[in-house]
Amino acid sequence: MAQTIAPVVSAAPRPDPAVAELLQTVVDTARAIFGAQASSIMLLDATADELIFEAVSGQGQEFLVGRRFPAGRGIAGWVAASGEPMVVDDLHDSTSFDRDIAESTGYVPNALMAAPLIRRDRVLGVLEVLDPSPQARSGLPELDLLGLFARQAAVALHVLTTHEPRPAPDTPDDPSRTELRRLLSEARRLLGE
């Protein structure tokens with residue numbers, strides 16, 4: 001079931017080291033969790049209608065950060081537009097896969113998992129895991145885990161990049177803390193802890 005998602009106004013370059021560290025940690029962790037060859041976060045620049053590689057772990061990490069491509073192309077473009085996650089076990093047979101974009105990055109995966117980074121009703125970008133281990137993409141629980149991880153990343157990104165006044169961090173009813181606690185609890189449940 002597709003949902004209507006309003007794009008974020010802009011994903012301008014972020015010189016903030018905390019944001020860069022957060023995004024790098026997310027892709028490094030996603031790559032480890034799913035036993036993948038690579039992982040990336042692309043943020044949506046709605047003004048330019050482009051997705052921008054903001055963090056990469058594994059294949060391509062030396063040169064992909066900052067690279068842009070049209071937001072309407074490929075699986076990442078579909079995930080950003082639809083707001084729905086996707087798993088493709090065989091990219092050779094996928095009509096959604098944009099082989100030209102993959103070849104331009106220097107790495108053409110055989111399989112991938114992608115989930116939107118959504119905060120409230122806005123798509124901030126896409127988290128992709130390339131060539132995850134076969135066990136890591138075997139079913140709905142793994143896709144749920146990727147979606148949960150992407151939601152956590154979106155909440156953290158939102159907290160770091162929003163300059164709205166928020167209650168003090170130790171305030172029990174701080175909406176950001178409540179959402180993070182809920183997401184952590186859900187992650188523990190999915191991981192069986």
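Trainee: What is the relative accessible area of Arg68?
Mentor: Buried means under 20% relative accessible area, exposed over 50%, and partly exposed in between (1.4 Å probe, protein chains only). Arg68 is partly exposed. Its relative accessible area is 36%.

Trainee: What kind of model is this?
Mentor: Residues are numbered from 1 along each chain as its sequence is written, and side-chain values use heavy atoms, leaving out hydrogens and water. Local features need pLDDT of at least 70, side-chain atom pairs count only at pLDDT 80 or more, and totals for chains, interfaces and linings use all residues; the model is predicted.

Trainee: Which residue in strand 3 forms a salt bridge with Arg68?
Mentor: A salt bridge puts a side-chain nitrogen of Lys or Arg within 4 Å of a carboxyl oxygen of Asp or Glu. Here the closest N and O atoms are 2.6 Å apart. Arg68 lies in strand 4 and its partner in strand 3, so the pair ties together parts 18 residues apart in sequence. The partner is Glu50.

Trainee: Which other residue joins Glu50 and Arg68 in a network of salt bridges?
Mentor: It pairs with Arg68, the closest N and O atoms being 3.2 Å apart. It sits in strand 2, 23 residues from Arg68. At 8% relative accessibility it counts as buried. The residue is Asp45.

Trainee: Which residue meets Arg73 in a salt bridge?
Mentor: The N to O distance is 2.7 Å. Arg73 is in the loop between strand 4 and helix 2, and its partner is in the loop between strand 5 and helix 3. The partner is buried, with a relative accessible area of 16%. It is Asp98.

Trainee: Which backbone oxygen does the side chain of Ser39 reach?
Mentor: Ser39 is found in strand 2 (residues 38-45). At 0% relative accessibility, Ser39 counts as buried. Its side chain reaches the oxygen at 3.0 Å. That oxygen belongs to Glu128.

Trainee: Which element gives the largest share of the largest nonpolar core?
Mentor: Such a core is a set of buried Ala, Val, Leu, Ile, Met, Phe, Trp, Tyr and Cys residues joined through side-chain atoms within 4.5 Å. The largest has 26 residues, and Met42 and Val126 are among those with the most contacts inside it. The largest share is four residues, from helix 2.

Trainee: How many strands does the protein have?
Mentor: Strands (E, at least two residues) and helices (H or I, at least four) are DSSP runs, numbered from the N terminus. The pattern along the sequence is β-α-β-β-β-α-β-α-β-β-α-α. There are five helices, and the strand count is seven.

Terms used. A polar contact is a pair of N or O atoms within 3.5 Å; within protein, one must be able to donate a hydrogen and the other to accept it, and residues adjacent in sequence count only if both atoms are side-chain atoms.
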